[in-house]
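Visitor: I've just opened this one and don't know my way around yet. Could you walk me through it?

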Protein chains: 2
Amino acid sequence: MKSEHPAIKIKLQILCGEAIAMGPGKADLLDAIAAEGSISGAGRRMGMSYRRAWQLVDLMNRCWQSPLVETSPGSARGGGARLTAEGTAVLGDYRALQAALDARTGHADAATLAARLRARPLRSQAERGEASREG
Amino acid sequence: MKSEHPAIKIKLQILCGEAIAMGPGKADLLDAIAAEGSISGAGRRMGMSYRRAWQLVDLMNRCWQSPLVETSPGSARGGGARLTAEGTAVLGDYRALQAALDARTGHADAATLAARLRARPLRSQAERGEASREG
């Protein structure tokens, strides 16, 4: 479920100390691991390096009561990876809370705010200056 | 009003096309302008340059149906600045929506999610290696 107003974006972050234990990018990475069955495949799908994907998984695994992703031995760059029961539960709870927040943008106060927006910003003075020099 | 769970952070952004018309930093800048009565004073309070503060005000003023901040002529670096009626209304609506979202974290599902978190991340393998070398 997405925000009722495309102009209103809600970013949900779950903190463990100073670290971001879950957020939009990490949740998408968990989805990609579930779909691809490996950290390397998930990284490719997300357009990030294997090293970066591994670092995010390692951080998530250290932030929750038990690891969210388990790996099985394999060739170089690791074998398979899948979500643990904890990973599935945390991801589900995160998505449910995000959906509840997005649904909140259907209230009247959000519509009032969105109605005050322009579709796009007026051009800046610098842009207007360029346009007038262009003719 | 803050999140019911300090570990759960909700960042509300209002988009105008690709531009961020309102977000946590811009809302704080409007508060600072209302308190200081000038863009330069607000910038100092926020720890940002006058140029940066001015750019943020200029962008906000171009994203909404009418400007959020009006300035009065003065000495170098501008004279006074204050929120317009539109600025006061948009800021109030933004703060109200943020508070409604924060209140949502008082629901049981958010508590369930927060309860799964560690207070801080486990140390990484690299950190554990350093600790063991240190004895």
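Guide: Sure, and bear in mind that this is a predicted model. Let's begin with a term: two strands pair if DSSP finds at least two bridges between them.

Visitor: So what makes strand 1 and strand 2 of chain A a pair?

Guide: Pairing takes at least two bridges, and 3 bridges join strand 1 (residues 8–16) of chain A to strand 2 of chain A, so they count as paired. The two run antiparallel, and A:I14 stands opposite A:M22 in strand 2.

Visitor: Which strands make up the sheet, and in what order?

Guide: It's an open sheet of 4 strands, ordered 2(A)-1(A)-1(B)-2(B), with antiparallel pairing.

Visitor: Why are strand 2 of chain A and strand 2 of chain B called edge strands?

Guide: Each of them, 19–22 in its chain, pairs on one side only. From one strand to the next, the twist averages 55°.

Visitor: What packs on the sheet from chain B?

Guide: Helix 1 (residues 24–36) of chain B does, touching strands 1 and 2 of chain B. Helix 3 (residues 50–63) of chain B also packs there, with its direction at about 85° to that of strand 2 of chain B.

Visitor: How do you know that helix 4 of chain A and helix 4 of chain B are roughly antiparallel?

Guide: They pack at an angle of about 150°, and angles over 145 count as roughly antiparallel, so that's the name they get.

Visitor: Which residues meet there?

Guide: A:L97, A:A100, A:L101 and A:R104 meet B:L97, B:A100, B:L101 and B:R104. By class, that contact has 6 nonpolar, no polar and 2 charged residues.

Key: Residues numbered from 1 in each chain as written. Chains lettered and ligands numbered in written order. Predicted model: local features only at pLDDT ≥ 70, side-chain atom pairs only at ≥ 80, totals over all residues. Heavy atoms only, no water. Axes fitted to C-alpha atoms, helices over the stretch in contact; angles between N-to-C directions. Contact = heavy atoms within 4.5 Å. Parallel < 35°, antiparallel > 145°, perpendicular 65-115°, else oblique. Nonpolar A, V, L, I, M, F, W, Y, C, P; charged D, E, K, R; others polar.
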